[in-house]
Amino acid sequence: MAVKHVEEYRDRDIARRLIAQIHAASRQPVRLMEVCGTHTMSIFRSGLRALLPETITLVSGPGCPVCVTAQREIDQFVALARCEDVILATFGDLLRVPGSGSSLQQARAAGCDVRVVYSPLDALDLAVRNPAKKVVFLGVGFETTAPTVAAALLSARARGVSNFLVFAAHKRTPPAVAALMAAPDLRVDGFLLPGHVCLVAGTQAFQPLVDRHRIPCVVGGFEPLDLLRALARLVAQIEAGEALLENAYERAVTAAGNPKAQAAMAEVFTDVDAEWRGLGVIPESGLKIAAAHRGLDAEACFDLAVPDVPEPHGCACGQVLKGLKLPTDCALYRKACTPLHPVGPCMVSSEGTCAAYYRYHRPEGA
C-alpha cells in the first residue's frame, strides 16, 4: 500500500479495511505501548482508540521530552534563569512545567529574561544580537532535537559566537525502551516505536533490543493509516507468536537512519547516564556536551547545584510514563491537576499523556 500525499494517509476506505483486518486478527488481549508522545496525540486526535477491538489496550510511554525531564533539571533551569546577565531561550512547552519552587514562567514573571524560541538557531541569533549577555538554550528532547542543537553549536563555533551556550538535557530513546523491556512490573506485549526518532537513528538502533528481549516492535508514522498499519503488524506478530522489528514507516525511515545527523551528534555530544522522570537513572541514555566543546556548555560555566526534591505529592506522572497507570487513575487528574493549573509535566506538554486524555477522553456517562 503506497501512500504519497496527506489525503491518502487519511483515506477512510483504506482505514476501514485496516480496522477490519485488526479486528479479524486480534483474538487475545494485548497491551501495546506507543512510545512516542506524538503517537499518543495522533491516535487521540484521529479517534482510533474507539475503532480498535476491545482486545487491544493502548498505553502511553516515556515519549514526551518535556515530561521525562527530571525534577532536578527543571530546578536547574530555573536557577540558570536567575543568573545575572543571562537570557534563557527555550521551547514553549517547557515554560509551564512546575519546578519544586517555581516554573520558568513564574521566574520570567519575577523579572528573569526567559524567551521562547522556535529553534536553536533562533537562540543563536539572539546571542549575536545581545553580545553583552550569555544566551543559554535549553537542549531538551530526543534524537529528533539533538542534531539541530548540535548544528547550532557547531555554527556558533564556526562564527566565533562565544556567548551562546547550551544546557544539554537530551535523552536517547533506545536505552529507555530497553529499560522498559527489562522492567519486571511492566506488562507490554508490543511497542509502537517512534518514527521520527528512527528517522535519525535508523531501525538499527532498536534491533539489539528486539533480539535480546524478544518483544514485537513496529516503527510507525503519524497519520491515521500509518498508525493503523503499524498496529496491524503488531497484532499479526503477536497472534503468530513472533517477535520482530518491522518498519511500517518506510517512506521516511531506513535501517541506517540519517548519517549526517548522527555525525553531528557524535561530534558535539557524549553519552552519559541520565535521570528520567519516573524511570530513574538509565545508563548511557543521555547526551551531554563533549569535552571539546566545553566552552559552550552551560553546566560547566555556571554553578547550578540544586537540592534533590521529591516529585509533587500524589502526582502519578512517573507511573503514567511507564505505562503502569492511566491518567484517569491519578487522584489529582481533572481535580487538582488541569491544563490551567498543572501539577505534573504530563498535563503541561502538548505531547503529554494527561493533556491528551484531558482534551480527548471523555469518561462514560460524561
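Modeller: A nonpolar core is a set of buried Ala, Val, Leu, Ile, Met, Phe, Trp, Tyr and Cys residues joined through side-chain atoms within 4.5 Å. Buried means under 20% relative accessible area, exposed over 50% and partly exposed in between (1.4 Å probe, protein chains only). The model is predicted: local features need pLDDT of at least 70 and side-chain atom pairs pLDDT 80 or more, while totals for chains, interfaces and linings use all residues. Residues are numbered from 1 along each chain as its sequence is written, and side-chain values use heavy atoms, without hydrogens or water.

Colleague: Happy to start there! Which residues touch the most other members of the largest nonpolar core?

Modeller: That core has 74 residues. A second core, separate from it, has 28 residues, including Val 161, Ala 168, Leu 287 and Leu 296. In the largest one, the residues with the most contacts to other members are Phe 77, Leu 80, Leu 94, Leu 104, Val 136, Phe 167 and Phe 191.

Colleague: Let's zoom in on Leu 94. Which residues does Leu 94 touch, leaving aside those up to four places away in sequence?

Modeller: Leu 94 is one of the core members just named, and a contact means heavy atoms within 4.5 Å. With residues up to four places away left out, Leu 94 touches Val 66, Ile 74, Phe 77, Leu 104, Leu 138 and Val 140.

Colleague: And Ser 103: does Ser 103 count as buried or exposed?

Modeller: Ser 103 sits in the loop between strand S3 (86-90) and helix H6 (104-109); helices (H or I, at least four residues) and strands (E, at least two) are DSSP runs numbered from the N terminus. Beyond four places in sequence, Ser 103 touches Val 78, Leu 95, Arg 96, Val 97 and Pro 98. The relative accessibility of Ser 103 is 5%, so Ser 103 counts as buried.

Colleague: Now Arg 157, please. How far apart in space are Arg 157 and His 293, C-alpha to C-alpha?

Modeller: Arg 157 belongs to helix H8 (residues 146-159) and is partly exposed, at 46% relative accessible area. Its contacts more than four places away in sequence are with Ala 292, His 293 and Leu 296. Arg 157 and His 293 are 136 residues apart in sequence, and in space their C-alpha atoms are separated by 8.7 Å.

Colleague: On to the sheet. Which strands stand at the edges?

Modeller: The open sheet has three strands, antiparallel in pairing and ordered S7-S12-S11; a pair needs at least two bridges found by DSSP. S11 and S12 (residues 280-289) share seven bridges, and Ala 274 is opposite Ile 282 in S12. Two strands have a single partner each, so one side of each lacks a neighbour in the sheet: S7 (170-171) and S11 (269-276).

Colleague: How many of the residues of helix H12 are buried?

Modeller: Helix H12 covers residues 224-240, and Gly 241 follows with a positive phi near 75 degrees. H12 is mostly covered, and the count of buried residues is 13 of 17.

Colleague: Finally, the whole protein. What is its radius of gyration?

Modeller: The protein holds 16 helices and twelve strands. It is as compact as a globular protein of 366 residues, because the globule rule gives 21 Å and its radius of gyration is close to that; the radius is over C-alpha atoms, and the rule is 2.2 Å times the number of residues to the power 0.38. The C-alpha trace spans about 65 × 45 × 40 Å along its principal axes, and 55% of the residues count as buried. The radius of gyration is 21 Å.

Notes
The expected span of a helix is 1.5 Å times one less than its number of residues.
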